[in-house]
Amino acid sequence: WLLLHLVIGGVGIMMLARALGARSLFATLVAGIAWSFSGTCTGEFTAGLRLVAGAYLPWCGLGFIHLGRVLRTEVRTSACLDALAKAAIPVALAFLTGELFLTVVAIGFGLAVTLADPERAALEPERRLRRARRFVVSTMLSVALAAGLAAVVIVPAQRIAQGNARGNRLARATAEVGSFHPLRLLELVAPGSMGDPYADYVAGPWVGERALDRRPVIYGCYLGASAIVLASFAFGRRRRGPLILGMLALFAVLLALGRHTPLHAIVRILIPPLAIMRGPEKYLIVTVASSSLLAALGMRRQYEGQNE
């Protein structure tokens, strides 16, 4: 079941990379490999629910991009309703896993990644503003439809949460248990540099979580030195899409740092459902997705340069 969802997420990130302009097979494979073999995804086999819910994150991006494109080009009601349903399905599947917090994160990622859509960037600024209102309303409808489809999970969970403390806003100290330590940034390119979280976690006294026996929430955050180098090739002058993805990856890292920066506390205030989430390290899934897409776009740029 976990392996199936690892594949679902990998295929989703490949299709999303293709939608964002990485159309060659090699480029999309880079995205799939970077996602599937990242330390975050492989490490989540220790917490299967997060891996299953995270698998739908790239599909949320794909659904919202498709919705935006249809709204920009189609006026037929049937086409718009079809796009609305396609945007709602991955959100509903994420809801059905029971991981509310990663579903909210997936929705946010899906909306953010639409800003990197090359077809949107081709529109004149005034047309973008006119389409934005229609897209926002349609997005709200698709999320509402998804919640309705997943009501069989959401309603019982909500009733249970109302009867215990888990349904209330967490204190900041409690919510930020499992913050990503800044020293662990080294792990992005050097796997195992902190030690083995399953056995002898050498750096545990410095980077480990005291409330978790000096262990991290997510046991691996390796992105791959080669994937990061490829991602750097995606950037360039007038390359708006990679810039947005890069900012999204960095924003997720800053959120994952939790108590080490004030950003996490601010986001918890602005997005109420996230106020009852523990473990800021979970936001690293957005960094993995964004970096995988950047690696694919970087591969595409290198491939095109070699063919010129």
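This section describes the salt bridges, one helix and one surface patch of a predicted model.

The structure contains 7 salt bridges. One of them joins aspartate 117 to arginine 69, with 2.8 Å between the closest N and O atoms. This pair connects distant parts of the chain, since aspartate 117 sits in the loop between H7 and H8 while arginine 69 belongs to helix H5 (residues 57-73), the two being 48 residues apart. The loop that holds aspartate 117 runs between helix H7 (100-113) and helix H8 (118-121). Both partners are buried: aspartate 117 has a relative accessibility of 2%, and arginine 69 has a relative accessible area of 18%. Because the cut-off for a buried residue is under 20% relative accessible area, arginine 69 at 18% falls in the buried class.

Arginine 69 also takes part in a salt bridge with glutamate 119, at a distance of 3.5 Å from N to O. Here too distant parts of the chain are linked, with glutamate 119 in helix H8 and arginine 69 in helix H5, 50 residues apart. Glutamate 119 is partly exposed, its relative accessible area being 39%. Together, Arg69, Asp117 and Glu119 form a network of salt bridges. Within this network, buried aspartate 117 and partly exposed glutamate 119 are each paired with buried arginine 69.

The surroundings of aspartate 117 extend beyond this network. When neighbours within four places in sequence are set aside, aspartate 117 is in contact with Ala19, Leu20, Ile65, Arg69 and Arg72. With one of these residues, arginine 69, the side chain of aspartate 117 makes a polar contact through the partner's side chain, at 2.8 Å. Phenylalanine 45, by comparison, lies 31 Å from aspartate 117, C-alpha to C-alpha, with their positions 72 residues apart in sequence.

A further salt bridge is formed by arginine 172 and glutamate 176, whose closest N and O atoms are 3.1 Å apart. Arginine 172 is partly exposed, with 38% relative accessible area, whereas glutamate 176 is buried at 4%.

Helix H15 (residues 263-270) has His264, Ala265, Val267 and Arg268 as its buried residues. These residues lie on the same side of H15, because the arc that they cover around the axis is only 165°. In general, an α-helix has 3.6 residues a turn, so residues three or four places apart point the same way. The buried residues of H15 pack against two helices, H11 (172-175) and H14 (240-256). On the face of H15 turned away from the buried side are the exposed residues Ile269 and Leu270.

A nonpolar patch of about 430 Å² is present on the surface, made by Leu3, Val7, Val11, Met15 and Phe45. One of its members, valine 11, is placed in helix H1 (residues 2-19). Valine 11 counts as partly exposed, because its relative accessibility is 34%. Another member of the patch is Phe45, the residue that stands 31 Å from aspartate 117, C-alpha to C-alpha.

How values were computed:
Residues numbered from 1 in each chain as written. Predicted model: local features only at pLDDT ≥ 70, side-chain atom pairs only at ≥ 80, totals over all residues. Heavy atoms only, no water. Helix = DSSP H or I, 4+ residues; strand = E, 2+ residues; numbered from the N terminus. Contact = heavy atoms within 4.5 Å. Polar contact = N/O pair within 3.5 Å; in protein donor to acceptor, adjacent residues only side chain to side chain. Buried < 20%, exposed > 50% of the residue type's maximum accessible area, 1.4 Å probe, protein only. Arc of directions from axis to C-beta. Patch = residues over 30% accessible without salt bridge, like charges linked within 9 Å, V, L, I, M, F, W, Y side chains within 5 Å. Areas by Shrake-Rupley, 256 points an atom, 1.4 Å probe, with all protein chains shown as cover. Salt bridge = Lys/Arg side-chain N within 4 Å of Asp/Glu carboxyl O.
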